[in-house]
Amino acid sequence: MNASQPPPVATLAFDGAAFTHRGHTLLKPTTLRLSGCQRTLIMGPNGAGKSLLMRLAHGLLPPTSGAVGWQGTAPTQAMVFQRPVLLRRSALDNLTYVLAINKTLRPALNRTAGHSISRKAQAMQALDKFGLAHLAQRPARVLSGGEQQRLALARAWLLNPQVLFLDEPTSALDPAAIKAVEDAVLEFHRRGTRIVMSTHDLHQARRLADDVVFLHNGHLLEHTLAKQFFSAPASREASAFIRGELVW
Ligand SMILES: Nc1ncnc2c1ncn2[C@@H]1O[C@H](COP(=O)(O)OP(=O)(O)OP(=O)(O)O)[C@@H](O)[C@H]1O
């Protein structure tokens with residue numbers, strides 16, 4: 001293996017993992033393997049269980065039965081939500097805070113010509129990368145939806161995660177902001193980050209997916225290569241969803 005290549009990412013395993021709340025099984029027993037450094041898109045109509053699956057995968061929720069875990073060393077992870085969770089501070093301070101509390105950071109940002117650079121300078125680099133440098137002093141919570149999402153991505157960028165989870169990150173954004181998020185996702189992936197992202201946007205999935213996990217009503221119906229999913233889906237529900245006929 002080339003010394004500059006990132007180490008392979010461990011496999012995420014769902015073994016009969018289910019989530020039940022007040023007697024309702026919202027995610028039926030699910031067995032799934034997510035391996036390799038792919039871009040996996042979790043798809044399905046509203047209420048299918050996409051966010052639940054993402055939260056179980058990222059460890060934010062424990063399954064009520066079955067198991068979810070990494071085979072091998074758990075990778076470093078970050079998650080970007082539909083509505084970013086930002087601190088009541090400036091955009092810049094949201095990033096310097098992350099730098100202060102985390103030890104594993106993007107190495108290229110830690111050094112300039114062999115010298116370490118300040119947290120503020122690293123945060124400014126990340127803001128600049130995501131087109132937010134002019135908004136550094138603006139309170140994060142008054143930024144527009146698209147700007148907040150880019151700030152969330154800049155924060156994730158600083159963490160240099162091996163796996164990035166994104167839960168419908170573009171559902172409230174306009175086309176230009178959607179493109180900015182998609183470009184960022186592609187760049188994360190180019191730099192060696194595994195992507196697991198939920199969306200109900202078929203066009204977006206066609207643009208981004210290597211493989212697709214399709215959920216309907218809490219059931220995992222398909223996990224297949226994107227090409228196959230879009231050309232010859234195996235389930236009736238996925239066929240209807242691709243034709244735009246399956247609303248929920
Ligand atoms: N923590 C929770 N406790 C109770 N019910 C939940 C919880 N999380 C999700 N649900 C319910 O589980 C079902 C699936 O929700 P989920 O948010 O995973 O769907 P989704 O596929 O992400 O939908 P959307 O596209 O609308 O965001 C919904 O009926 C939701 O109300």
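# A tour of the sheet, its helices and the ligand

Start with the open sheet of three strands, whose order is S2-S1-S4 and whose pairing is antiparallel. Select residues 24-34 for strand S2 and 65-71 for strand S4: these are the edge strands, and each pairs on one side only. Neighbouring strands of this sheet are turned against each other by 15° on average, if direction is ignored. Keep in mind throughout that the model is predicted.

**The hairpin**

Next, select residues 11-21, which are strand S1. S1 pairs with S2 over seven bridges, in the antiparallel sense. Two residues lie between S1 and S2, and the strands form a hairpin. Select Arg22, which is in the turn and has a positive phi of about 50°. Which residue in S2 is the bridge partner of His21? Select His24 to see that partner. Then select Thr20, whose bridge partner in S2 is Thr25.

**The other side of S1**

Now go to S4. How many bridges join S1 to S4? There are six, and S1 and S4 run antiparallel. To look at one pair, select Thr11 together with Gln71, its bridge partner in S4.

**The helix across the sheet**

Select residues 50-58, which make up helix H1. H1 lies across S1, S2 and S4, and runs at about 125° to S1.

**The ligand**

Stay with H1 and show the ligand. H1 supplies the largest share of the shell around the ligand, three residues. The ligand is surrounded by Gly44, Asn46, Gly47, Ala48, Gly49, Lys50, Ser51 and Leu52, among others. To complete the selection, add His21, Leu26, Glu168 and His200, which also surround the ligand. His21 is thus a residue to look at twice, as it surrounds the ligand and has His24 as its bridge partner. Colour the shell by residue type: three of its residues are nonpolar, seven polar and two charged.

**Helix H2 against helix H4**

Leave the ligand and select residues 91-101 for helix H2 and 119-129 for helix H4. The two helices pack at an angle of about 120°, and their axes are 9 Å apart. That angle makes H2 oblique to H4. The crossing of these two helices is right-handed. On the H2 side, show Ala91, Leu92, Leu95, Thr96, Leu99 and Ala100. They meet Arg119, Lys120, Gln122, Ala123, Ala126 and Leu127 in H4. The residues of this contact divide into eight nonpolar, two polar and two charged.

**Helix H2 against helix H5**

Keep H2 selected and add residues 145-159, which are helix H5. The axes of H2 and H5 come within 10 Å and cross at roughly 25°. Are H2 and H5 roughly parallel or roughly antiparallel to each other? Angles under 35 degrees count as roughly parallel, so H2 and H5 are roughly parallel to each other. H2 passes H5 in a right-handed crossing. From H2, show Ala91, Asn94, Leu95, Val98 and Leu99, which meet Leu151, Ala154, Arg155, Leu158 and Leu159 in H5. Eight residues of this contact are nonpolar, one is polar and one is charged.

As a last selection, show Ala91, Leu95 and Leu99 in H2. These residues are among those that meet H4, and they are also among those that meet H5.

How values were computed. Residues are numbered from 1 along each chain as its sequence is written. This is a predicted model: local features need pLDDT of at least 70, side-chain atom pairs count only at pLDDT 80 or more; totals for chains, interfaces and linings use all residues. A residue is near a molecule or strand if its C-beta atom, placed from the backbone, lies within 6 Å of it. Helices (H or I, at least four residues) and strands (E, at least two) are DSSP runs, numbered from the N terminus. Ala, Val, Leu, Ile, Met, Phe, Trp, Tyr, Cys and Pro count as nonpolar, Asp, Glu, Lys and Arg as charged, and the others, Gly among them, as polar. Axes are lines fitted to C-alpha atoms, for helices over the stretch in contact, and angles run from 0 to 180 degrees between N-to-C directions. Angles under 35 degrees count as roughly parallel, over 145 as roughly antiparallel, 65 to 115 as roughly perpendicular and the rest as oblique. A crossing is left-handed if the near helix is turned anticlockwise from the far one by less than a right angle, and right-handed if clockwise. Two residues are in contact if their C-beta atoms, placed from the backbone, lie within 7 Å. Two strands pair if DSSP finds at least two bridges between them.
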